[in-house]
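Trainee: Could you take me through the ligand site in this one, slowly and in detail? After that I'd like to hear about the odd spots in the loops.

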Amino acid sequence: MTLLRLYPPPAQACSLEGLYLDTPLAHATPDAPVVYSNFVTSLDGRVAVENHEGHDEVPASVANRHDWRLYQELAARADALLIGGRYFRQLAKGHAQAALPVADEPAFGDLLEWRRDRGSRPQPDVVVLSNTLDFPLPGSLIEQGRRVLIFVARSLITAERRDRLVAQGAEVIGLDSEPDAASVTHELDVRQVVRRLGERGYRRIYSVAGPYSLHSLLRHGVVDTLFVTQRLSLIGGERYQGLLEGPSLASPVGFSLASLYYQEAVDGGAGQLFARYDRRSCGDATSR
Ligand SMILES: NC(=O)c1ccc[n+]([C@@H]2O[C@H](COP(=O)([O-])OP(=O)(O)OC[C@H]3O[C@@H](n4cnc5c(N)ncnc54)[C@H](OP(=O)(O)O)[C@@H]3O)[C@@H](O)[C@H]2O)c1
């Protein structure tokens, strides 16, 4: 698939395959692993809509195989995928995509090879943020040899739920948290999560979680790079679900455009823009 690179100049044609395998990610250190996230949205900025059964999902008219290819490339580069507990509740009810595989379709076999060539384990580990521990763990994750690390505020741990997840093969890690004036919950301090992951040798953390988790990651200043695919169609919907779910951020988090690619048409339908934004290193962002 050929794209048009719009930024940085000069504009030129380039191939979609390999685009996000090659894009340089920030240098990670043990103290500061790189955290990146990725969303696909409509032109009116919607990342999810309610389906006819009343469940939220990525809009079918927005998701597409070319964006999925880039999602997979970003996953191939990760030591760990980060997700929220709600995803596993949705998955158990059949309302979510598969349990976080990298490249289990033949078209993505090159990505498994790419990982192998770099000495990475076949699949990235899985990091779960949760306030509730109220979700079942998909057995496939442990069967694939992946570590599953679940972070929860210590004060919110329920022994019975913790023991169930541990029996399933996960590690449950309790962190200190403080009641948050801006939130009704003891929201996990994700800076601590990232720090703990760095101590364990994780360098690249790919957040595939939704708008609540992104809000939390941004609020704590730990997102380095945001990839946003914008499908060029307006879709509307009763309830607006954009990139962020949560109260207004105390200070805006500024980003710079690092790259922008244009695909004129997706399988005969509306085209899309693939943007990469890097968090500005100084100024209006919370620092780590
Ligand atoms: N278009 C896209 O690219 C895109 C990407 C991702 C998701 N989505 C859509 O967005 C919707 C919501 O996604 P989602 O539910 O997977 O994502 P989410 O909004 O990130 O998940 C929220 C859950 O994550 C846990 N969590 C997040 N941050 C936490 C923190 N700081 N402390 C403690 N727990 C934390 C909580 O789990 P517990 O409830 O277990 O406490 C919370 O309920 C879905 O419809 C999904 O399809 C769209």
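Mentor: Let's start with the ligand and then move out to the loops.

First, a word on the ground rules: this is a predicted model, in which local features need pLDDT of at least 70, side-chain atom pairs count only at pLDDT 80 or more, and totals for chains, interfaces and linings use all residues. Residues are numbered from 1 along each chain as its sequence is written, and side-chain values use heavy atoms, with hydrogens and water left out.

Now the ligand. It sits in the largest pocket. A pocket here is an open set of points on a 1 Å grid over the protein atoms alone, where a 1.4 Å probe fits and there is protein on both sides within 12 Å along at least five of seven lines. To sit in one, a molecule needs more than half of its atoms within 2 Å of the pocket's grid points.

Who supplies the shell? Two or more residues each come from strand 3 (34-41), strand 5 (56-57), helix 3 (85-92), strand 7 (125-130) and helix 8 (211-219). Those helices (H or I, at least four residues) and strands (E, at least two) are DSSP runs, numbered from the N terminus. There are 26 residues around the ligand, and Arg86, Arg89, Asn131, Ser213 and Ser216 come nearest; a residue counts as near if one of its heavy atoms lies within 4 Å of the molecule. Sorted by class, the shell holds 13 nonpolar, eight polar and five charged residues. In that scheme Ala, Val, Leu, Ile, Met, Phe, Trp, Tyr, Cys and Pro are nonpolar, Asp, Glu, Lys and Arg are charged, and the others, Gly among them, are polar.

The backbone joins in too. A polar backbone atom of valine 47 is 2.9 Å from a nitrogen atom of the ligand. On the oxygen side, glycine 210 has a polar backbone atom 2.9 Å from a ligand oxygen, and a backbone N or O atom of aspartate 56 lies 3.2 Å from an oxygen atom of the ligand. Taken alone the ligand exposes 910 Å², and the protein buries 91% of that; these areas come from the Shrake-Rupley method with a 1.4 Å probe.

On to the loops, beginning with the one between strand 1 (2-7) and strand 2 (12-15), where proline 8 has its place. A cis peptide bond joins tyrosine 7 to proline 8, with omega about 0 degrees. Proline 10 is in the loop between strand 1 and strand 2 as well, and a cis peptide bond, again with omega about 0 degrees, links proline 9 to proline 10.

Next come two non-glycine residues with positive phi. Leucine 133 has a phi of about 55 degrees and is found in the loop between strand 7 and helix 5 (139-143). It counts as buried, at 0% relative accessibility. Aspartate 267, with a phi of about 45 degrees, lies in the loop between strand 12 (255-263) and strand 13 (272-279). At 51% relative accessibility, aspartate 267 counts as exposed. For the cut-offs, buried means under 20% relative accessible area, exposed over 50%, and partly exposed in between (1.4 Å probe, protein chains only).

Then look at the loop between strand 9 (171-175) and helix 7 (190-199), which holds aspartate 189. Aspartate 189 is buried, with a relative accessible area of 16%, and its side chain reaches the backbone nitrogen of arginine 191 at 2.9 Å. That is a polar contact, meaning a pair of N or O atoms within 3.5 Å; within protein, one must be able to donate a hydrogen and the other to accept it, and residues adjacent in sequence count only if both atoms are side-chain atoms. Glutamate 187 is found in the loop between strand 9 and helix 7 too, and it is buried at 11%.

One last loop: aspartate 79 lies between helix 2 (65-76) and strand 6 (80-84). Aspartate 79 is partly exposed, with a relative accessible area of 28%. Aspartate 79 and tyrosine 206 are 127 residues apart in sequence and 7.9 Å apart in space, C-alpha to C-alpha.

Key:
1 Å grid on protein atoms, 1.4 Å probe; cavity = no way out; pocket = protein on both sides within 12 Å on 5 of 7 lines; lining within 4 Å.
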